[in-house]
Amino acid sequence: MKRISILLLLMATAMFSTIQGHAQKKSFIPANDPNIVYTGRVSFHNPESPAFTYPGVQMIINFEGTSLAMKVKPHSGYFTVELDGGEPFKVTSLENDSIIPLATNLPAGKHAATVMLAYEGRDFRPEFRGFYVDKEKTLLPPPSLPKRKIEFIGNSITCGYGIEAEAESPFDYKDENFYYTYGATTARALNAQHLVVAKSGIGVYRNYGDPKEGSPGTCLPDLYDQTQYMDSTEIWDFSRYTPDVVCINLGTNDICFNTYDVDLLKNAYVKFVRKIRGYYPQAQIVLLSGVMLNGKQLEDVQGAMNKAADELKAGGETRIYRFDMTPQDGSLGYGSGWHPSMKQHRKMAKELTGFLQTITGWEVVSPID
């Protein structure tokens, strides 16, 4: 036991020395540096360690030098990184990881990086604490963000649940990746910013497995005002992001186990749209049906949304739309838990992109294969 303790101590000391050595050879850029651009719902309660729980949050920079690393709270989970427009790759912060290398041996000169939270951070509660660049180097002025803005509200489908796994695989956060979802792909195709408010298992009036009467206080509309999931201490400042389009993809969990009330579902849609309208007077709001439904369940969810849209229009709402993506049939494979696969998400994105073009007039900047 004593030998094991000594070995663990030596390993911890070596790790600490490596991290310290890395830090001493680099220039540290704190998280509150004005040249870091943040997108998504981020809490700046501690500006030196911004926190976030919804997938798709991004830190975007331009920098100079040959290397890049980032500092996070240990066990901050999974991030997807793009460097200079290249292929995305995933990095991980586990229990003892606070400094994560992102790039080495880059050509000397100017570079661009986008770091995205790949998964739902509600359990690990990730925090970002800054970047490391080459010694005596710094960040360059930040890039301009796209003028178009979309907000995606949803459940596990929107989060990218199991998108990097197979149907039979048990869910693991490592297999979740918002980068490849229909939402992120649609936003890239239309050169739009995205903001995500989504959580697996959540519904409009009833969360997965809850009573037919609903899940008061814990459905997405109840938590929508919060900057982070299930954190009532900080309310989101809606002036920080005003979307042109809001896409609501909920309902799948509301009708699970064939135990649901379609009138309560319809009423919840109406109430939620009115709440969103109060924050975004000019946004175009789209009610989507998820691709995991079929048969009577799909008909009931679509019927509830149709009735909600009709009731809203009768009350004077002029910017409410309905769109149904093609239900999955297995021909494009499945992600874990029979969720949409990466290929299915691309099909969803292609369909949604085409529909959004019809209501916005936006052109496609990056065609979806």
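How many salt bridges does a search of the whole structure find? The search finds eleven. The model is predicted. Three of these pairs are set out below, with their distances, their places in the chain and the accessibility of their residues.

**Arg 122 and Glu 120**
- A salt bridge joins the side chains of Arg 122 and Glu 120, at 2.5 Å from N to O.
- Glu 120 has a relative accessibility of 2%, so this residue counts as buried, under the 20% cut-off.
- Arg 122 is partly exposed, at 22% relative accessibility.

**Lys 275 and Asp 225**
- Lys 275 and Asp 225 meet through their side chains in a salt bridge, with an N to O distance of 3.6 Å.
- This pair links distant parts of the chain, 50 residues apart.
- Lys 275 lies in helix H5, which covers residues 262-279.
- Asp 225 sits in the loop between helix H4 (220-223) and strand E13 (245-249).
- Lys 275 has a relative accessible area of 26%, so this residue is partly exposed.

**Lys 266 and Glu 311**
- In the salt bridge between Lys 266 and Glu 311, the closest N and O atoms are 2.9 Å apart.
- Here too, distant parts of the chain are linked: Lys 266 is in helix H5, and Glu 311 is in helix H6 (residues 295-314).
- The two residues, Lys 266 and Glu 311, are 45 residues apart.
- Lys 266 counts as buried, because its relative accessibility is 16%, and buried means under 20%.
- Glu 311 is partly exposed, with 31% relative accessible area.

Notes: Residues are numbered from 1 along each chain as its sequence is written. This is a predicted model: local features need pLDDT of at least 70, side-chain atom pairs count only at pLDDT 80 or more; totals for chains, interfaces and linings use all residues. Side-chain values use heavy atoms; hydrogens and water are left out. A salt bridge is a side-chain nitrogen of Lys or Arg within 4 Å of a carboxyl oxygen of Asp or Glu. Buried means under 20% relative accessible area, exposed over 50%, partly exposed in between (1.4 Å probe, protein chains only). Helices (H or I, at least four residues) and strands (E, at least two) are DSSP runs, numbered from the N terminus.
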